[in-house]
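Work through the exercises below with the model open. Each task is followed by its solution.

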Amino acid sequence: MEIIGSLIIAISQSILLYGKQLGISMLILMLISISTILIILYKREKIVNLKATILTIPIILLSSTYMIFSSTTFNFTNILVIIALTLIMLITATIKKDYIKQYLHSLLKLIHKTLKNIDSSMKLTNKTSKEKIKKNSKIDMNKIIKSLIIVTIVVGIVIILLASADRIFASIFSGIVDMFININIPRLIARIAICIAVYFIILSMLLALQTKDEESSKEIAKKKQKDKFTIKMLLVALNIVYLVFCYIQITSLFINMNSEGSFNYAQYARTGFFQLMFVSFINFAIILISNKNNENRDKFLKVANSFLSVFTIIIVISSIFRMYMYESVYGLTYLRIFVYIILATELLIFIPTTIYIYNSKFDLLKWGGIIATCVYVIINFVNLENIIINRNLNKLDSNVNIDYYYISYIATSNSYDKLEELQNKLLSDANIDLNNLKDLTDKTKIDTCNDVLHIMQARVRILEDIEKMSWQEFNISKYKVIKKYDNIDSEISELKSDISNVQNTIKRLRNNRDLTKLDYKYKEMVSDTEGYIVYEVDRAVGDAVWKIEKTYNGGESYSSIRTINVKTPSEIEFFENGLGFLMIPDTIYCAQSDLYITTNSGRTFTKLTFPVGKFSLSNPNGKKWEDCYDYFFLPTREKDGTLTVLVSGGYEGGYNEGKTRAKYMSIDNGKTWNFVGEVYK
């Protein structure tokens, strides 16, 4: 039974998944796999907890997302979650009710035994095969071979006659012949190898599920509190710190947010949300540890943990609020919306956490897992891309440019209709008629044309992908697009014609712009496809406005990234994959400077911080390190990939007459810097 079930699952995955995009095939495979495994375990009388099968609901829901949506945001993570939930379901179904911690321990044992006992599955397969062959050894093989030869000859003659009588039949037959002639041997071998591997893994897991552990499942023992005084002191200290912090948050963020003044709350909240999120995780761990060791149900620990929970909730809300202020100005992204989701989930988990503080027998990990699973399933069915797009198009702060390139990228992974809607909005807002591009003379609309071009190209890719969709890849979102158009080929041809017109328009407008008169501050191709130009668009006394443009196609066209305000002597440089650095002096006299880093092609810059070094080649004469070396030059890339930054005491010499420099190096593309030492200029 186990062998047949493993074969069914292995063959099913080969037919449904191999060489195909995920679609309805994922749902069909999970239905076949779960039902097959559960039937085998039921027949073997190994299922002792039927309530565990309730986990099939989130498994089936997550599997169905590949059939319903065309977004690829959760494609990979969903596979991991589906596998994890399936294994947890099988473990909880085959062992008696226990704490979730014991289930997780059993899950690790199952994985270990599955991998360890693959040889047992091979031996079982070999033994069963030999028994079947021995049992059927009385079959006359000569008779079978003789029959096959006769049938092949007769059927072959009939097919030849029918093919000569009907051209349609002949074309079908020739297609079958071509299929065998043009077979891809390496792909076939890989497919068979994967199928065999899946078969043995599934069979090994089924055998492992039916093997009893020598150790009986025991209730998690509570460890004795060895140092309760330390935990109490820690809780008291943390509660005092959080009391002060929460007071500051309430007064500075919540109460005074509407007060008039020059204080920029978006900038104030720029980095706080991540730190506060990690702090809340630490507090959650402290509550778990202290409450687990509260053997004697100490009231002080209960009260202290309760206060810590309240303060943590305030910190989480503060983190959400900071994120809201920041993304209201700078836009919503995948990362920022996931921060919202994680923090909201944490707030929900603090409900069972509060119960756990007063009831140590409450299975907190179980309910935390249920909440996390429910949230994960829900966000799979919420159109996150649509939320991101709408939020960015309706930002509260109009001083920051809308990143249409990023929005179109989001729409590409979301749906065809959203791409079409975004394209029409761009054309409408810029007052561009796609049918009269020859009349377009406004050079400032090059950026809009570039964004529209990117969207059109994405639409063509999606339509071509839909046109080749097989039944295994069936997807409701894609099917709606098929139903929308009578002829997809015609739509693709029309789009390609529009793409050609837009490309010609961009070239015409760029040629009309006198590029030789632009005051370039930086112009370089950092790879075969990626390049940047930075030029000055405005200037005042000591200040300037630079515009950053990027090419993704080797210089054929450029997209606007943003404009930045800098001091006139500032310098900028880019490397591959969006990495760049901006040096801005304090004044036009260049006494000091700051160095900024970008990892998104200049859309945002973050000020770099460097550790203080030690004087070795120069005499500080009572001065502090940071007062001596405070003018940062742009980094250079070494042959081994490291980045090097030299720092002086002023561009024109300054400290030590400019004879020495402080040297810093980074091995992680500028995220962190280490002091190397002082070097002669």
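**Exercise 1.** Compare the expected span of helix α15 with the distance between its end C-alpha atoms.

Solution. Helix α15 covers residues 364-380, 17 residues; helices here are DSSP runs of H or I with at least four residues, numbered from the N terminus. The expected span is 1.5 Å times one less than the number of residues, so α15 should span 24 Å, and its end C-alpha atoms are 24 Å apart, which agrees.

The model is predicted: local features need pLDDT of at least 70, side-chain atom pairs count only at pLDDT 80 or more, and totals for chains, interfaces and linings use all residues. Numbering starts from 1 along each chain as its sequence is written, and side-chain values use heavy atoms, without hydrogens or water.

**Exercise 2.** Which residues of α15 are buried (under 20% relative accessible area, 1.4 Å probe, protein chains only)?

Solution. They are Leu364, Gly368, Ile371, Val375, Tyr376, Val377, Ile379 and Asn380.

**Exercise 3.** Describe how α4 and α15 cross.

Solution. Step one: the axes of α4 (residues 75-94) and α15 come within 12 Å and cross at roughly 140°, the axes being lines fitted to C-alpha atoms over the stretch in contact, with angles from 0 to 180 degrees between N-to-C directions. Step two: Thr77, Asn78, Val81 and Leu85 of α4 meet Thr373, Tyr376 and Asn380 of α15, contact meaning heavy atoms within 4.5 Å. Step three: three of these contact residues are nonpolar, four are polar and none is charged.

**Exercise 4.** Which residues does Val502 touch, leaving out those up to four places away in sequence?

Solution. Val502 touches Leu434, Leu437, Cys449, Leu453 and Met456.

Technical notes: Helix = DSSP H or I, 4+ residues; strand = E, 2+ residues; numbered from the N terminus. Buried < 20%, exposed > 50% of the residue type's maximum accessible area, 1.4 Å probe, protein only. Nonpolar A, V, L, I, M, F, W, Y, C, P; charged D, E, K, R; others polar.
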